[in-house]
Amino acid sequence: MSAKEKISNPLVALVIFLGIIAIAILTTILISRAGSHLDKSHEALIAYPKSGSTAPRGKTTARPQTPDVPATVPLRNVCESPECITLAHQLHNWADPSVDPCVNFYEYSCGKYNEHTVVEGTRSTKKGLIIQKLLREFLLRNRTTTSKSENTMQMLFNTCERLKDPEVFKNNTESVVKEVYKDIQSFGSWPLADPNWDASKFDLNEMLRNLAKHGRGENGLFEISTHYSPFLEVAPIDYRKKPAKSLKEFRYEYDSEKVKFSELEAKVPSIDLRKIIDNLMHPDKKSSIKSKVENRLVAFEHSLFFDKDMNLNKIIQSTSAQDLANFLIIYYIDTSGGALSMDEHFTMNRKCENEVIKFLPRASLRVFVRNYFDKENLKIVSEMVEETKQNFIEMIQESTWLHEETKKNAILKVEKMRKMIGYPEEFEKAGALDKTFETLNVFPTDSHYTIMNKIKRFVTEQTMEYVALETPLDPKEDVMEVNAFYVNDENYLNILVPFLDDPLFDSTYPTYAKLAGTGATLGHETGHGFDPWGITRDENGEKRDWWTPEDSEEYDRRVECMVEQYNEYDDPDFGKNLNGSYTKLEMVADGFGAETAWRAFKKLDLSREPEIIGFDEYSMEKLFFRIFALDYCTSRDTSTLEEVLERGHPTDSFRVNGVFSNMKAFAKTFNCPVGTPMNPEKKCELF
Ligand SMILES: *[C@@H]1O[C@H](CO)[C@@H](O)[C@H](O)[C@H]1NC(C)=O
Ligand SMILES: *[C@@H]1O[C@H](CO)[C@@H](O)[C@H](O)[C@H]1NC(C)=O
Ligand SMILES: *[C@@H]1O[C@H](CO)[C@@H](O)[C@H](O)[C@H]1NC(C)=O
Ligand SMILES: [Zn+2]
């Protein structure tokens, strides 16, 4: 977030805060002088194991101490940016120092979080809400600009808001019925509404093509769409929607075996899939992208098409034309938003800014980046990705059990891993995103339903260009999400802009703070390339077994260690009822994330690192673990056990306690005796 946006009101608080700090500094100096414990450096106040091999950071010697001249204030290297002050606030106020960090580090770091937040969830959840609020403010200003994408957002927002006026809503209800009906007639005749409906004139393929022309790749029978990579897939509707929270990382759980597209076509001879796909393309672009799209059609052996007894082709053949026509049209009404526009409760309560973000994510991101984001962050994080990869490679090289052959393949996979930091670089060029809006023309006189239909059609056409590799980002991708992810079949790491903004990341943060937060996330996403699914794919994301049998067995044993650890974990909200076999991918990624971030931390010259206000008596090693934990501080989880068991991620407390209890470096930093919960004798280590 740019400093400009927040200067007015936090400034007063900042001045007062700095005033208090200044007094505190002076008092500390005076007291230390009076006591003449001049040799007692800050290091001595930290509970380091005296004989431990952890080298004390060289800061004490680097700090100019001039004890003979009491009037001189020692040079302090403290981060005092507003973002660092927020970080200091979180470290101070969310912690519960009455808890022993060796017993429950999560509670020690996050125990008082609830006393400082009204948001259900983590600071990422809050960030998401703030972004929505900023977008809303921007849209409420209602400015006409020269940017087509911005104006489109504005018109969508305005028609959506306008519908909240009861009189407009009433008028709209009448007009939208007519509009929906007109669309339905363009698909073909509707038996329920047409007393002269003639079954002999019904052509299923024609109706499906007409729906496609309307931007409908999803038609009630199946869906034609992309899933986080530029391949067009024909699949059952919604089959990837569960579990929602970890959809992206779990896409392969639901995959059946990949088959040739022609094999799938052969299973549904009553449907001409290719013609339907043709109609999803913009008519002017069809000739240039058609063959490229056809090269990127994929199919899986879904039972909907491949089941011997109950498959789509049989369903179509055994269903009357009348039922098929009624079904497709009712499905359209149900999913078009036309019906929703007539639902008063829904219309009055919807958040129009969220509708804009959902349907125009790239345009929304452009507004956020231009108005509220410091692009310097992208550069820093891009470099951090390269460092993360380097550290990951070193971790592989230093593995005591992986054989050379496996190491070689693993290193190649890290080297070949691609990245997208925030958004594709192509969009950095002035006007680049707006250019993609050339084919979308909405007008202030358009109804909300019409605008939504035009946008859906546009998004579908854009999706086809994305499949043809003509545009670099899936137009449906929710790039405004506070998230990062790894795409398995492309060996591709993706970290989104909201994740790269304060308080999760800031350019003024000390490097160790950047590493403990974003650095660990980058390591986590890289680590997904080596989780139990990741290891089944090679450097190009292709399915290939590149492990020696012994290494593969040993790897499984090490993962099983984590599974058992989670099974036995006594969670504050869910007790010992968790099941690690559902969360092993994330636990493996978490382990790699913490390990690589710590490796990067160990390379820092801590004497040059700024301190965090109020933590100058706290070692930077300790701060590393404390800052890492902040991302997981959350309000009490009120989900049911069933819901938790469906998630791909372990619980937040485990993502801190479980991960750190496997790290010798943690136990050393906090001087935890062997046998304490945070320093168990049995540790699970991966590479
Ligand atoms: C937004 O601006 C347009 C054009 O300038 C105007 O017609 C419209 O009434 C405004 N809408 C609101 C809600 O202020
Ligand atoms: C609603 O429709 C009526 C009749 O067409 C029109 O007179 C009135 O101005 C409309 N109201 C609004 C708020 O658009
Ligand atoms: C966890 O789930 C797996 C897969 O459903 C099951 O086989 C296993 O018995 C469960 N483990 C525990 C400890 O409940
Ligand atoms: Zn993950």
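**Overall fold, ligand surroundings and two buried charged residues**

The chain comprises 28 helices and nine strands. The structure is a predicted model, and its pLDDT averages 87 over the chain, with 87% of the residues scoring at least 70. Two segments fall outside this level of confidence. Over residues 1–66 the pLDDT stays under 50, and the model has 75 contacts beyond four places in sequence for this segment. Over residues 242–253 the pLDDT likewise stays under 50, and here the model has 39 contacts beyond four places in sequence.

Of the 687 residues in the chain, 55% are buried. The accessible surface of the chain amounts to about 31,500 Å², and carbon and sulfur atoms account for 53% of that area. With regard to contacts between residues at least 6 apart in sequence, 74% join residues that are at least 24 apart.

The surroundings of two ligands were examined. Ligand 2 is surrounded by Glu167, Val168 and Asn171. In the side chain of Glu167, an N or O atom is placed 3.2 Å from a nitrogen atom of ligand 2. The side chain of Asn171 has an N or O atom at 2.2 Å from an oxygen atom of the ligand. The protein buries 33% of the 360 Å² that ligand 2 exposes when taken alone.

Ligand 3 is surrounded by Asn567, Asn579, Ser581 and Tyr582. By class, this shell has one nonpolar residue, three polar residues and no charged residues. Polar side-chain atoms of three of the named residues were located relative to oxygen atoms of the ligand: that of Asn579 lies at 2.2 Å, that of Tyr582 at 2.9 Å, and that of Ser581 at 3.2 Å. On its own, ligand 3 has 360 Å² of accessible area, of which the protein covers 34%.

Two individual residues were then considered, beginning with Asp278. This residue belongs to helix 10, which spans residues 273–278. Asp278 has a relative accessible area of 13% and is therefore buried, the cut-off being under 20%. Its side chain makes a polar contact with the side chain of Lys290, at a distance of 3.0 Å. When residues up to four places away in sequence are not counted, Asp278 touches Lys286, Lys290 and Glu294. Lys290 thus appears both in the list of residues touched by Asp278 and as the partner in the side-chain polar contact.

The second residue, Arg626, is found in helix 25, which covers residues 620–630. The relative accessible area of Arg626 is 2%, so this residue also meets the criterion for burial of under 20%. Not counting residues up to four places away in sequence, Arg626 touches Leu91, Ala95, Phe105, Tyr108, Ser109, Phe615 and Tyr618. Among these, Tyr108 is 518 residues away from Arg626 along the chain, yet the C-alpha atoms of the two residues are separated by 9.1 Å.

Conventions
Residues are numbered from 1 along each chain as its sequence is written. Chains are lettered from A and ligands numbered from 1 in the order in which they are written. This is a predicted model: local features need pLDDT of at least 70, side-chain atom pairs count only at pLDDT 80 or more; totals for chains, interfaces and linings use all residues. Side-chain values use heavy atoms; hydrogens and water are left out. pLDDT is the predictor's confidence in each residue, from 0 to 100. Contact means heavy atoms within 4.5 Å. A residue is near a molecule or strand if one of its heavy atoms lies within 4 Å of it. A polar contact is a pair of N or O atoms within 3.5 Å; within protein, one must be able to donate a hydrogen and the other to accept it, and residues adjacent in sequence count only if both atoms are side-chain atoms. Accessible areas come from the Shrake-Rupley method with a 1.4 Å probe; for residues, only the protein chains shown count as cover. Helices (H or I, at least four residues) and strands (E, at least two) are DSSP runs, numbered from the N terminus. Buried means under 20% relative accessible area, exposed over 50%, partly exposed in between (1.4 Å probe, protein chains only). Ala, Val, Leu, Ile, Met, Phe, Trp, Tyr, Cys and Pro count as nonpolar, Asp, Glu, Lys and Arg as charged, and the others, Gly among them, as polar.
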